[in-house]
Amino acid sequence: MKSSLIIDLATLPEEGMAFSGELDSSIFDLPKGDARATGPLTYEIWAQKFESELLLTGSISAPFEFTCVVCLKNYIQTMEIPSAAISIETGHSSQLDVTEALREEILLEFPTDPRCE
């Protein structure tokens with residue numbers, strides 16, 4: 001399983017290109033006692049370059065084990081973003097690692113107070 005998604009901007013067609021696959025759950029690297037990734041980050045995205053930015057659109061998801069703040073039991077919830085839209089500055093790079101952008105998008109979806117209900 002891949003641990004990063006690198007997009008080669010030099011070979012990316014002007015009309016864009018589809019990418020799909022899974023990234024290893026180790027990319028989340030969350031502190032002990034926090035939520036725990038129980039599976040890979042799955043992505044189906046379209047990447048298109050516009051001048052100095054790369055736009056990623058599509059769906060991303062990953063399952064996590066949370067601890068319920070009410071009953072203190074662990075439960076698994078899949079964080080899903082069916083219509084993600086992520087813009088990344090390209091700078092002068094010929095290759096761009098978008099792993100961190102996908103990771104952060106999932107982490108932003110975490111519940112503030114996880115509840116198993």
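1. Glutamate 104 is partly exposed, because its relative accessible area is 33%; buried means under 20% relative accessible area, exposed over 50%, and partly exposed in between (1.4 Å probe, protein chains only). Glu100, Arg103 and Glu104 are joined into one network by salt bridges that share partners. A salt bridge is here a side-chain nitrogen of Lys or Arg within 4 Å of a carboxyl oxygen of Asp or Glu.

2. This is a predicted model, in which local features need pLDDT of at least 70 and side-chain atom pairs count only at pLDDT 80 or more, while totals for chains, interfaces and linings use all residues. Residues are numbered from 1 along each chain as its sequence is written, and side-chain values use heavy atoms, with hydrogens and water left out.

3. Within the network, the side chains of arginine 103 and glutamate 104 meet in a salt bridge of 2.6 Å, N to O. Arginine 103 also forms a salt bridge with glutamate 100, where the closest N and O atoms are 3.4 Å apart. Arginine 103 and glutamate 100 are separated by about one helical turn, because they are three residues apart in helix H1 (residues 99-107). Helices (H or I, at least four residues) and strands (E, at least two) are DSSP runs, numbered from the N terminus. Arginine 103 counts as buried at 12% relative accessibility, whereas glutamate 100 is partly exposed at 44%.

4. The structure holds three salt bridges. One of them pairs arginine 36 with glutamate 65, the closest N and O atoms being 3.6 Å apart. Since arginine 36 lies in strand E3 and glutamate 65 in strand E5, this pair ties together parts that are 29 residues apart in sequence. Both residues count as partly exposed: arginine 36 has 45% relative accessibility and glutamate 65 has 22%.

5. The largest pocket holds about 280 Å³ of space. Gly33, Asp34, Ala35, Arg36 and Glu65 are the closest to its centre among the 19 residues that line this pocket. Strand E3 (36-37) and strand E5 (53-67) are the elements that give two or more residues to the lining, and E5 supplies the largest share, three residues. On a 1 Å grid over the protein atoms alone, a pocket is an open set of points where a 1.4 Å probe fits, with protein on both sides within 12 Å along at least five of seven lines; lining residues have an atom within 4 Å of a point. Grid points are joined across faces, edges and corners, and the volume is the space filled by probe spheres set on the points.

6. How do the lining residues of the largest pocket divide into nonpolar, polar and charged? Nine are nonpolar, five polar and five charged. Ala, Val, Leu, Ile, Met, Phe, Trp, Tyr, Cys and Pro count as nonpolar, Asp, Glu, Lys and Arg as charged, and the others, Gly among them, as polar.

7. There are five aromatic pairs. Phenylalanine 28 and phenylalanine 64 are edge-to-face, because their ring centres lie 4.8 Å apart and their planes stand at 75 degrees. Phenylalanine 28 sits in the loop between strand E2 (17-23) and E3, and phenylalanine 64 in strand E5, so that the pair links distant parts of the chain, 36 residues apart. Rings of Phe, Tyr and Trp (its six-membered ring) pair if their centres lie within 6.5 Å; planes under 30 degrees apart count as stacked, over 60 as edge-to-face and the rest as tilted. Both phenylalanine 28 and phenylalanine 64 are buried. One aromatic cluster is formed by Phe28, Phe64, Phe66, Tyr75 and Phe110.

8. Methionine 79, in strand E6 (residues 74-89), counts as buried at 5% relative accessibility. Leaving aside residues up to four places away in sequence, methionine 79 touches nine named residues' worth of chain, including Phe64, Phe66 and Phe110; contact means heavy atoms within 4.5 Å.9. Threonine 90 lies in the loop between E6 and strand E7 (95-97) and is buried, with a relative accessible area of 4%. Among the residues that threonine 90 touches, not counting those up to four places away in sequence, are Leu9, Glu51 and Leu96.

10. Glutamate 51 has a positive phi of about 45 degrees although it is not a glycine. Glutamate 51 is placed in the loop between strand E4 (41-50) and E5, and counts as exposed at 76% relative accessibility. Leucine 72, found in the loop between E5 and E6, has a positive phi near 65 degrees and is likewise a residue other than glycine. Leucine 72 is exposed, with a relative accessible area of 64%.
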